[in-house]
Amino acid sequence: MAKVLIAPSLLSADFSRLRDEVLDVERAGADWLHIDVMDGHFVPNLTIGPLVAAAVKPHTNLPLDCHLMVTEPEKWIEEFARAGASVITVHVEASVHLDRLLRRIRELGCKAGISLNPATPLSSIEEVLGIVDLVLVMSVNPGFGGQKFIEAALEKVSRLAEIRKESGGKFLIEVDGGVSAANSAKLVAAGADVLVAGSAVFGNSDRAKAIADLRK
């Protein structure tokens, strides 16, 4: 079985020393750096934009996994691509012309991801699974860090893994929200390839141990 990828969420980092935080989780064994982008409209919180992604990019070799929790994501994908994003993930709930948007992300040289909120069914993305590189299953309602994991996400990950197997799909399955060492093994067993972890990594003084515990 391929190694699960760990993507610490920048949302839980100490922003007063952001460069050091990024370097620390890279040394600790992180595979990606997850950047939660919130606009105060699609979700009730306001976080960071492409300027922060661009500022972080020169200081890390980690792929930047940019998760756009925004309305009208088509207005932002080019800026994040220029900022150095490796993956740009948009929400099915916010995207009117989803097929066109995902193809445009790929044209910009980035991997294209699609995300679903906990109440959004997998049927909403069936028609675009052939053109995505990643499907992000939200295991909390987006908008805030530190929320409790929604157990129903395990079943959604399992069904998505079955769809991938049956269709011969190549997309990665990512999970974001309440991920910890207590549920990481169940998520990987269900079919997850990438685990986003905020406080589970940045909230620990020993980030290397925290990342290793998520992999167990």
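A salt bridge, as the term is used here, is a side-chain nitrogen of Lys or Arg within 4 Å of a carboxyl oxygen of Asp or Glu. In this predicted model, Lys186 forms such a salt bridge with Glu151, and the closest N and O atoms of the two are 4.0 Å apart. Lys186 lies in helix α6, while Glu151 lies in the loop between β6 and α5, so the pair ties together parts that are 35 residues apart in sequence. Lys186 has a relative accessibility of 41% and therefore counts as partly exposed, and Glu151, at 47% relative accessibility, counts as partly exposed as well.

With this pair as an entry point, the reader can step back to the whole protein. The protein has eight helices and eight strands. Its radius of gyration is 16 Å, close to the 17 Å that the globule rule gives for 216 residues, so the protein is as compact as a globular protein of that length. Taken along the principal axes, the box that the C-alpha atoms fill is roughly 40 × 35 × 30 Å. Of the 216 residues, 54% count as buried, and the accessible surface comes to about 9,800 Å², with 52% of that surface belonging to carbon and sulfur atoms. Among the contacts between residues at least 6 apart in sequence, 63% join residues at least 24 apart. One pair gives a sense of distance across the model: Ala189 and Ala53, which are 136 residues apart in sequence, are 32 Å apart in space, C-alpha to C-alpha. Ala189 is found in helix α6, and its relative accessibility of 69% is why it counts as exposed.

Helix α5, which spans residues 152–167, has 16 residues and reaches 23 Å from its first C-alpha to its last, close to the 22 Å expected at 1.5 Å a residue. Which residues of α5 are buried? They are Ala153, Leu154, Lys156, Val157, Leu160, Ala161 and Arg164. Seen down the axis of α5, these buried residues fall within an arc of 160°, so they line one face of the helix. They pack against the strands β5 (111–116), β6 (134–138) and β7 (172–176), and also against helix α6 (184–190). The face of α5 turned away from this buried side carries the exposed residues Ala152, Lys165 and Glu166. After the helix comes Gly168, whose phi is positive, near 75°.

One of the buried residues of α5, Arg164, also takes part in a salt bridge, in which its partner is Asp193 and the closest N and O atoms are 2.7 Å apart. The pair links distant parts of the chain, since Asp193 sits in the loop between α6 and β8 (194–197), Arg164 sits in helix α5, and the two are 29 residues apart. Both Asp193 and Arg164 are buried, whereas Lys186 and Glu151, the pair described at the start, count as partly exposed.

Helix α4 (residues 98–107) can be read in a similar way. Its buried residues are Leu98, Leu101, Leu102 and Ile105. These residues cover an arc of only 95° around the axis, which puts them on the same side of α4. What covers them includes α3 (77–83), β4 (87–91) and β5, and β5 is also among the elements against which the buried residues of α5 pack. On the face of α4 turned away from its buried side are the exposed residues Arg100 and Glu107. Just after α4, Gly109 takes a positive phi of about 90°.

Where does Glu107 find a partner for a salt bridge? Its side chain meets that of Arg104, with a distance of 3.2 Å from N to O. Because they are three residues apart in helix α4, Arg104 and Glu107 are separated by about one helical turn. Arg104 counts as partly exposed because its relative accessibility is 30%, while Glu107, at 58%, counts as exposed.

Side chains of opposite charge can pair when their charged atoms come close. The count of salt bridges in this model comes to 16.

How values were computed. Residues are numbered from 1 along each chain as its sequence is written. This is a predicted model: local features need pLDDT of at least 70, side-chain atom pairs count only at pLDDT 80 or more; totals for chains, interfaces and linings use all residues. Side-chain values use heavy atoms; hydrogens and water are left out. Helices (H or I, at least four residues) and strands (E, at least two) are DSSP runs, numbered from the N terminus. The expected span of a helix is 1.5 Å times one less than its number of residues. Buried means under 20% relative accessible area, exposed over 50%, partly exposed in between (1.4 Å probe, protein chains only). The arc is that of the directions from the helix axis to the C-beta atoms. Contact means heavy atoms within 4.5 Å. The radius of gyration is taken over C-alpha atoms; the globule rule is 2.2 Å times the number of residues to the power 0.38. Accessible areas come from the Shrake-Rupley method with a 1.4 Å probe; for residues, only the protein chains shown count as cover.
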